[in-house]
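This report covers the pockets, the nonpolar cores and the cysteines of one model. It starts with a term used for the cysteines.

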Amino acid sequence: VADAEEKKIATNDAPEKPAPAGYYEGETMTRRTAFAVAGQAAGGLAVMVVALPAVAFAVAPIFDSPEESWEGVGPLDDFSPDTYRQAVITIVDGIGESGKTTVYVRQGNPEINPDESPDEYVAISTRCAHLGCPVRFVSAASTFICPCHGGVYDFEGQVIGGPPVRPLDRFQTRIVGDQLEIGPRYSVTSDLEPVRARDPGEFTGGIWEYLYPPRPSTAPPP
Amino acid sequence: MPKLPIPQALRKPSKPGVGNGAGPMDKAKHAPADLVGWVDERTGATGFLTGMLFRKVPKGTNWFYTLGSATLFAFVVQALTGVFLAMYYTPSATEAYASITYLTNEVFMGEFVRGMHKWGASVMIILIFLHMGRTFFFGAYKYPRELNWVIGVVLLILTLVMGLTGYLLPFDQRSFWATIVANNITATGPIAGPYLADFLRAGAEFEATTIARFYAIHMLAVPGLIIALIVAHLYLVVKLGTTAPPWLRAESKPKSLREEKVG
């Protein structure tokens, strides 16, 4: 302590240094620094006020969940358990033909899959599970074939050839009176278990599915 | 020689000190020089321009060194034709194809302008890769030009983004399905992929605003970035100079080393 006292005295004796310009007594920051910091902060705030709403505006659709829409595709008698029948539904409104998609519909068939009952209907999406090209059902071969990269699916939509990573997506179905209605899309695992709809090319099983988190823009699975 | 009937004003100017030099014709003759001088006095542009245009280039500079300028020219062609295409194009899923067929078939020279934009896109991609190859094989990416290489790679990626987003705009079957596939490839990226695809499409499916989104990226966002980066790219080229072809360097090295020693 004594040492420090001595030093203090020594500095007091030394010729006084002129205080730096802009300092008032007891200040830790010059006015110039204070104004610079305040100016930068105000500028940053002004940028944020413009940039944040703009970015939010652009990314908003990611968090937008769509309304569940159901569309009638005809009387139940139209659909047989042995083969598919094409139906066209609108998945996006207001953009004409590009908002429509073809769906392959059949009646449930316990002979093909014991989990199915004749009271339910299966609607297979034509969106290939590889990269989204439109598959078509070839009744002679009883398979779905994709024209783009050669994906092949069996009668139930399970992959039997080519690059797709999971079975074909499906659409929810419901019966209203004697009419069949088709609802939101869902994806399936390789055991045909429903999961939330994923984009083509994304896995629905194994550890890989954790690479593709669920998106708010898709409907929950049935 | 017989005297030609040339008007007085167009004849060879009189020697300095001959005539008074104050007539209107004499003044008019000096107008261009005066104008350049007026601008130069206020901007200092000639110093910058002569430094840029008359900079020294190394021995051995050859035609391969024009690939960068050629890419720039291709970009300028794309920018100009793009502005004119935008005058007729409608970025909407229901009207895009009709507007494209109209501008191709009905508008005077429309097919030509659209053709320049369409084929120019491929030309620009080819040129940018050739330019990159030149830079790589001549070792021109090495110190102190690494940053310019990085800027160049970003420009390459942005050019590919231009190709991708522009491909959708004619909105024919090929455009539509190619964009579906490209979006789904984006979606297969781990963790961020699905959200990025949703961002590009503005939703989970091909949506009503997808074309407008691609159009905004194609004609506003990315071109702005490209122009800014081209300015930076050129600044560094002028600042750092170009490299000699690799086959010349080995030859001149021993000589310059000896000169240094003597000096």
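A residue counts as buried when its relative accessible area is under 20%, as exposed when that area is over 50%, and as partly exposed in between. The model described here is predicted.

**Cysteines of chain A**

By this cut-off Cys128(A) is buried, because its relative accessible area is 1%. Cys128(A) takes part in no disulfide, and the nearest cysteine sulfur, 3.7 Å away, belongs to Cys146(A). Cys146(A) is likewise in no disulfide, with the sulfur of Cys128(A) as its nearest cysteine sulfur. The relative accessible area of Cys146(A) is 5%, so this residue is buried.

Over all chains there is 1 disulfide. The bond links Cys133(A) and Cys148(A), with an S to S distance of 2.0 Å. The link is left-handed, at -90 degrees about the S-S bond. Cys133(A) sits in the loop between strands S4 (121-125) and S5 (136-138) of chain A, and Cys148(A) in the loop between strands S6 (143-145) and S7 (152-153) of chain A, so the disulfide ties together parts 15 residues apart in sequence. Cys133(A) is buried, with a relative accessible area of 2%. Cys148(A), at 38% relative accessibility, is partly exposed.

**Nonpolar cores**

In soluble globular proteins, nonpolar side chains tend to be buried together. The largest nonpolar core in this model has 33 residues, and those with the most contacts inside it are Tyr89(B), Leu168(B), Phe171(B), Phe206(B), Ile211(B), Val222(B) and Ile226(B). Helices H3, H4, H5, H6, H7 and H9 of chain B each give two or more residues to this core. The greatest contribution is that of H9(B), with 8 residues. Apart from neighbours within four places in sequence, Tyr89(B) is in contact with Ala96(B), Ser99(B), Ile100(B), Leu169(B), Ile211(B) and Tyr215(B). A second, separate core has 16 residues, among them Tyr104(A), Cys128(A), Ala129(A) and Cys146(A).

**Pockets**

The volume of the largest pocket is about 1100 Å³. Its lining has 36 residues, and His117(B), Lys118(B), Ala121(B), Gly166(B) and His218(B) are the closest to its centre. At least two lining residues come from each of helices H3 (67-86), H4 (96-105), H5 (110-137), H6 (146-168), H7 (173-187) and H9 (210-240) of chain B. H5(B) supplies the largest share, 8 residues.

His117(B) is part of helix H5 of chain B. With a relative accessible area of 17%, His117(B) is buried. Leaving aside neighbours within four places in sequence, His117(B) is in contact with Gln78(B), Thr81(B), Gly82(B), Leu85(B) and His218(B).

The second largest pocket has a volume of about 940 Å³. Of its 39 lining residues, Gly68(B), His131(B), His233(B), Leu234(B) and Val237(B) are the closest to the centre. Helix H2 (45-53), H3, H5, H6 and H9 of chain B each give two or more residues to this lining. H9(B) gives the most, with 8 residues.

The table sets out the composition of the two linings.

| Pocket lining | Nonpolar | Polar | Charged |
|---|---|---|---|
| Largest pocket | 22 residues | 10 residues | 4 residues |
| Second largest pocket | 22 residues | 14 residues | 3 residues |

Notes:
Residues are numbered from 1 along each chain as its sequence is written. Chains are lettered from A and ligands numbered from 1 in the order in which they are written. This is a predicted model: local features need pLDDT of at least 70, side-chain atom pairs count only at pLDDT 80 or more; totals for chains, interfaces and linings use all residues. Side-chain values use heavy atoms; hydrogens and water are left out. On a 1 Å grid over the protein atoms alone, a cavity is a set of points where a 1.4 Å probe fits but cannot get out, and a pocket is an open set with protein on both sides within 12 Å along at least five of seven lines; lining residues have an atom within 4 Å of a point. Grid points are joined across faces, edges and corners, and a volume is the space filled by probe spheres set on the points. Helices (H or I, at least four residues) and strands (E, at least two) are DSSP runs, numbered from the N terminus. Ala, Val, Leu, Ile, Met, Phe, Trp, Tyr, Cys and Pro count as nonpolar, Asp, Glu, Lys and Arg as charged, and the others, Gly among them, as polar. A nonpolar core is a set of buried Ala, Val, Leu, Ile, Met, Phe, Trp, Tyr and Cys residues joined through side-chain atoms within 4.5 Å. Buried means under 20% relative accessible area, exposed over 50%, partly exposed in between (1.4 Å probe, protein chains only). Contact means heavy atoms within 4.5 Å. A disulfide is a pair of cysteine sulfur atoms within 2.5 Å.
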